[in-house]
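Welcome! Let's take a friendly walk around one helix and its surroundings.

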Amino acid sequence: MRWRSAIDRAITPLGLTNAQYSVLAPLLGMERSGQRPSQRQLADFTGLEPLYVSKLARALERAGLIERSGHPDDSRAVQLTLTDQGREVTAQATERVRGLQDELTAPLGGLESPATRNLIDSLNTLLGSTPPHTQTGADQ
């Protein structure tokens with residue numbers, strides 16, 4: 001929760017919420033790699049619910065940060081593209097979040113340190129695994 005609050009404090013001056021940033025930053029990365037994702041593809045990429053991405057996308061479109069258009073290959077899909085303003089704001093937000101990551105990982109030697117890499121790998125392992133079975137009195 002502290003991490004989310006820190007992100008909110010850093011990007012609120014840019015007119016963004018943490019939830020909006022969680023859509024914009026991956027969209028920027030996808031665009032930089034040559035992709036123009038649909039809302040569904042972005043939802044799959046971020047792990048967010050498609051309905052939630054749709055709701056955020058509409059708000060970001062009203063704010064002038066993204067454009068929603070018909071998908072050329074699927075008439076039911078909505079394709080997302082950052083506007084010039086959206087790219088600029090997202091780049092600024094990403095710089096601020098990167099600064100927070102640097103501060104957070106400084107005690108471990110920074111973002112690129114072996115200790116930080118090990119921590120990230122361990123967290124990814126934990127997040128990708130299922131919780132161990134807890135035995136109850138009846139199971140013992």
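**Helix α5 and its neighbours**

Helix α5 covers residues 84–105, and at 1.5 Å a residue its 22 residues should span 32 Å (1.5 Å times one less than the number of residues). Its end C-alpha atoms are 31 Å apart, which agrees. Helices (H or I, at least four residues) and strands (E, at least two) are DSSP runs, numbered from the N terminus.

This is a predicted model, where local features need pLDDT of at least 70, side-chain atom pairs count only at pLDDT 80 or more, and totals for chains, interfaces and linings use all residues. Residues are numbered from 1 along each chain as its sequence is written, and side-chain values use heavy atoms, leaving out hydrogens and water.

**Two sides of α5**
- Buried residues of α5 (under 20% relative accessible area, 1.4 Å probe, protein chains only) are Gly 86, Val 89, Thr 90, Ala 93, Val 97, Leu 100 and Thr 105.
- Seen down the axis of α5, these buried residues fall within an arc of 135 degrees (taken from the directions from the axis to the C-beta atoms), so they line one face of the helix.
- Turned away from that buried side are the exposed residues (over 50%) Asp 84, Glu 88, Glu 95 and Glu 103.

**What α5 packs against**
- The buried residues of α5 pack against α1 (2–11), α2 (18–32), β2 (78–82) and α6 (114–128).
- Thr 90, in helix α5, has a relative accessible area of 0%.
- Beyond its neighbours within four places in sequence, Thr 90 is in contact (heavy atoms within 4.5 Å) with Leu 24, Ala 25, Leu 28 and Leu 82.

**Strand β2**
- Four of the five residues of β2 are buried.
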